[in-house]
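This report concerns the packing of helices and the surroundings of a ligand in the structure shown below.

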Amino acid sequence: MKILVCISNVPDTTSKINFVDENTLFDTNGVQFIINPNDEFGLTRAIWMKQQQSAEVTVVTVGDNSCESTLRKCLAIGADNAIRIDLKPTDGFQVAKQLARICQETIYDIIIAGRESIDYNGAMVPGMLAALLDYNFVTNCVALDVEGENAQASREIDGGIEIISCQLPLIIGAQKGLVEEKDLIIPNMRGIMQARQKPLKVIEPTEDEIKSSILKFEKPIPKGEVKLVPADDIDQLIDLLHNEANVI
Amino acid sequence: MSVIIYAESENGKIKKSAFELASYGYEIASEMNVPLIAVTFNQDEVESLGTYGIEKVIKFKGPSISNFTALQYAENIALIAKENEAKIIILSSSANAKYLAPKLSITLSAGYASNVIALPEKLQPLTVKRTCFTNKAFNFCSLSNEVNIVGLSNNSYEIKENPKSIEIIEKDSSSTETTLKVEKLEKSSGKVTIADADVVVSGGRGLKGPENWHLIEDLADTLGGATACSKPVSDMGWRPHSEHVGQTGKPVASNLYIAIGVSGAIQHLAGVNSSKVKVVINNDPEAPFFKAADYGIVGDAFEVIPKLTKKLKEFKSK
Ligand SMILES: Cc1cc2nc3c(=O)[nH]c(=O)nc-3n(C[C@H](O)[C@H](O)[C@H](O)COP(=O)(O)OP(=O)(O)OC[C@H]3O[C@@H](n4cnc5c(N)ncnc54)[C@H](O)[C@@H]3O)c2cc1C
Ligand SMILES: Nc1ncnc2c1ncn2[C@@H]1O[C@H](COP(=O)(O)O)[C@@H](O)[C@H]1O
């Protein structure tokens, strides 16, 4: 079984978000980059399939060479090899197109991506990749079992869960629940040493096609002062919510 | 040419988000001087869409769409989009809409912008404002394609009445070959979901344990709202993961968000920022959440919540 895990290299969740070049570019100054949290849940699930079902796990990212430390971390966590498609992405469709190409060259039984990235935040790439390849697709995936050619996957929906069966190949959009927070693998020294020897292949992008472009960024307007209400004056809070805020 | 919305419904009722899409779509369609069309699935009553500016409703019926499937729904919407030369297709931000949007985009070679929060800045080329960095920022995204899809964030566009007499067309759904089957749907009935709720009441580690959650539930019930929690609360198994809100959980875009015993970590705030009004109850006046809130009470959750629930009940019965 071959598994591909799509990794998005994103700013750490504690990062302050700032922009430069007249708000056209994300300011990476002092920002730590990490594996997109949803992708990390997916990667952990893939490593379990490697351990239990002797799957081979490849990680891939579309990005410039600043993404390599994130890919090395994936290798240290347990992925067998890594691919970097050397293109700085600006659009979800563009990424899906590049990923589709490598999935046409090598057939993966399962492709795991995150439900959404925490930077571009589009929830686009896995669904577009599935449509481009005409593969089955389950997003918001909170459980996955694979046996032979068949998979059972659970999708979190608004207010419940949907249990889906399908044949491979399958693409999922992973999120917490697929594995728990406590299951995430923290690389040990041995893993980190081994990761240095594992193959990380850099490939050139194919012809580049985009469907959207970001013109500029904007930060939210800073919030005004909070209005504090004494704990023994609940009536005042209700009055404010009713008459001032108009929400009850 | 046309503008199309996918109007979602549940238990025989059109969802509020569909009226938001209609109101939003009406502005765009009027500006472009083209008809505004709604597509529905398995929905009998559709007349109410006319109140919000819809001129034509295409009702899909048939066994292949009795339950939602992304593939089938996307293909039916694509068909209608082609027949009506849609320039813009507007979807909600529900889990289902986000599931089918990428498929629709590839089928129609359309551009797609999700998490859009306002009317387009420009129609040529289509330029929209959307949230990014999980609500920590916005970007202006330009889409220069023949057809474009806009995913409108819930509760970001106000419902407006623009009464129209509507034409209703019924269509049978085609059925696409697929090995993907929905085996089972487990849905808690009667419970308001975080995605659709006007009010969300959220509890953090300050609630001390799952046995105290009746306080959160009572308050939420009183307000007709949904319950939510911080990440550690779901990681410890006090509450289900589906209630985890924030940067790595669900986004909240309600009118009112009440956070109790939640410190207000940057990852929590990121996910709840787009709620219109935020109320914080915390016994630590230094809790960071107070800086991001509109109203606050410095006090003990176990004393404040029962009083608040009681007073709200009195208020509601008036
Ligand atoms: C990669 C990553 C992603 C994350 N994503 C998310 C996310 O999506 N969502 C999220 O919520 N967190 C997320 N976090 C966790 C986040 O950093 C915080 O740890 C978390 O939000 C804290 O939860 P809390 O406020 O419930 O608990 P605490 O920080 O422990 O706060 C408890 C609060 O309760 C108050 N309190 C205590 N007793 C009482 C009382 N009797 N009455 C009133 N108040 C009381 C305390 O003063 C305190 O402010 C993430 C962290 C990481 C590293
Ligand atoms: N540049 C990228 N390289 C590889 N995978 C990506 C990239 N961007 C996004 N993805 C994958 O697609 C998922 C959804 O991303 P997005 O569509 O940006 O929300 C992410 O969680 C990743 O798994």
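The crossing of α4(B) and α7(B) is left-handed, meaning that the near helix is turned anticlockwise from the far one by less than a right angle; a clockwise turn is right-handed. The model is predicted: local features need pLDDT of at least 70 and side-chain atom pairs pLDDT 80 or more, while totals for chains, interfaces and linings use all residues. Residues are numbered from 1 along each chain, chains are lettered from A and ligands numbered from 1 in the order written, and side-chain values use heavy atoms, without hydrogens and water.

Helix α4 (residues 213-223) of chain B and helix α7 (residues 301-317) of chain B have axes 9 Å apart, at an angle of about 20°. That angle makes α4(B) roughly parallel to α7(B) (under 35 degrees). Among the residues in contact (heavy atoms within 4.5 Å) are L215(B) and L219(B) of α4(B), and F302(B) and L312(B) of α7(B).

In chain A, the axes of helix α2 (residues 68-77) and helix α5 (residues 189-197) come within 7 Å and cross at roughly 120°. The crossing of α2(A) and α5(A) is right-handed. Here R72(A), L75(A) and A76(A) of α2(A) meet G191(A), I192(A), A195(A) and R196(A) of α5(A).

Ligand 2 has 21 residues around it, of which C6(A), D39(A), G114(A), S117(A) and A123(A) come nearest. Distances from an oxygen atom of ligand 2 are tabulated here.

| Partner atom | Distance |
|---|---|
| N or O atom in the side chain of N36(A) | 3.0 Å |
| N or O atom in the side chain of S117(A) | 2.7 Å |
| Polar backbone atom of G122(A) | 3.1 Å |

Technical notes. Axes are lines fitted to C-alpha atoms, for helices over the stretch in contact, and angles run from 0 to 180 degrees between N-to-C directions. Helices (H or I, at least four residues) and strands (E, at least two) are DSSP runs, numbered from the N terminus. Angles under 35 degrees count as roughly parallel, over 145 as roughly antiparallel, 65 to 115 as roughly perpendicular and the rest as oblique. A residue is near a molecule or strand if one of its heavy atoms lies within 4 Å of it. A polar contact is a pair of N or O atoms within 3.5 Å; within protein, one must be able to donate a hydrogen and the other to accept it, and residues adjacent in sequence count only if both atoms are side-chain atoms.
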